[in-house]
Amino acid sequence: MLELYHANHSTCSQKVRLCIAEKGLKYESHLINLATKEQLDPDYMKINPNGVVPTLVHDGSVVIDSSVICEYLNEVFSENPLTPDNAFDRARMRKWMRYIEEVPTAAVRFPSFNMAFLPRFHGLDESAFIEEQADVRPLRKGFFRRMGPTGFTDEDIEESFDQITKTTARMDEALASGPWLLGDMYSLADVIVAPLIDRMADLGLAHLWEDTSPRVTDWYVRIQARPAFAEAFYSGARLTEFLEIRPWSKHAHA
Ligand SMILES: N[C@@H](CCC(=O)N[C@@H](CS)C(=O)NCC(=O)O)C(=O)O
């Protein structure tokens, strides 16, 4: 039996939900409320000491880290494989996965917080924010301290946009050789970048790649058309469904 601790709108949770849906698996859902910091509850941190979602529990064994969970599911459940058969293509896929974790996964957090999550911290002064929101997070203390209660700087956001544009340019180049990032095979590389592209589109930022990387726009249409996509991005999984999104403009957050 698979149990998933996750949050509806978390991109890392969406990566795993998309993988599970593509493989036709079922799971018992345990929703974690990130706004009330349930991910930092001592009982939850016993299974995920990083204090983040998602966490998979498979017949009592705990697996953490979305990309690791996706690879684990592919190894354990052979149906609908999302990893190539040969080692060289698996290395190509993992090269994408590492890049996606390092570059766009990190970059997407900056506009997500400035444009959608900042109101969570409304009314907190700097010292209360640091004590209650930043220093309590095992993985994200530095990120939260840098953000503060008023948000990231214009430079931070512009750097994030630059990283997204570089990602989509790289994707566009790869997509010249096939419908998916590895060519003909739909793989975990597509699965784990999809929630990031979806988040940027949800924030109204698809213009960052629409003119320059048209193959990414086509890829996003193709991936959304897959039945698994609707399963993973069920109603309530997108920020615009329940949060007011502040349009990005310079100094808007100051
Ligand atoms: N490397 C981890 C990162 C997980 C992660 O950052 N999850 C975010 C949601 S997408 C989270 O739980 N944030 C809560 C927090 O920062 O306190 C993974 O891929 O699973």
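This report describes the ligand site, an aromatic pair and two backbone features of a predicted model.

## The ligand and its surroundings

The ligand sits in the largest pocket. Around it are 13 residues, and the closest of these are Val-53, Asp-65, Ser-66, Arg-137 and Arg-140. By type, the shell around the ligand comprises five nonpolar, four polar and four charged residues.

## Polar contacts of the ligand

Two side chains and one backbone position are described here. In Arg-137, a polar side-chain atom lies 2.6 Å from an oxygen atom of the ligand. In Gln-39, an N or O atom of the side chain is 2.9 Å from an oxygen atom of the ligand. Val-53 takes part through its backbone: a polar backbone atom of Val-53 is 2.8 Å from a nitrogen atom of the ligand. The protein buries 86% of the 510 Å² that the ligand exposes when taken alone.

## Aromatic pairs

The count of aromatic pairs in the model is 14. One pair is formed by Phe-110 and Phe-152, whose ring centres are 4.5 Å apart. The planes of Phe-110 and Phe-152 stand at 55° to each other, and the pair is classed as tilted.

What does this pair tie together? Phe-110 belongs to helix α5, residues 104-117, while Phe-152 is in the loop between α7 (141-147) and α8 (154-174), so the contact links parts that are 42 residues apart in sequence.

## Backbone features

Val-53, already named among the closest residues to the ligand, is joined to Pro-54 by a cis peptide bond with omega of about 5°. Pro-54 is found in the loop between α2 (42-47) and β3 (55-58).

Another backbone feature is at Asp-59, in the loop between β3 and β4 (61-64). Asp-59 is not a glycine, yet its phi is positive, at about 45°.

Terms used:
Residues are numbered from 1 along each chain as its sequence is written. This is a predicted model: local features need pLDDT of at least 70, side-chain atom pairs count only at pLDDT 80 or more; totals for chains, interfaces and linings use all residues. Side-chain values use heavy atoms; hydrogens and water are left out. A residue is near a molecule or strand if one of its heavy atoms lies within 4 Å of it. A polar contact is a pair of N or O atoms within 3.5 Å; within protein, one must be able to donate a hydrogen and the other to accept it, and residues adjacent in sequence count only if both atoms are side-chain atoms. Accessible areas come from the Shrake-Rupley method with a 1.4 Å probe; for residues, only the protein chains shown count as cover. On a 1 Å grid over the protein atoms alone, a cavity is a set of points where a 1.4 Å probe fits but cannot get out, and a pocket is an open set with protein on both sides within 12 Å along at least five of seven lines; lining residues have an atom within 4 Å of a point. A molecule sits in a cavity or pocket if more than half of its atoms lie within 2 Å of its grid points. Ala, Val, Leu, Ile, Met, Phe, Trp, Tyr, Cys and Pro count as nonpolar, Asp, Glu, Lys and Arg as charged, and the others, Gly among them, as polar. Rings of Phe, Tyr and Trp (its six-membered ring) pair if their centres lie within 6.5 Å; planes under 30 degrees apart count as stacked, over 60 as edge-to-face and the rest as tilted. Helices (H or I, at least four residues) and strands (E, at least two) are DSSP runs, numbered from the N terminus.
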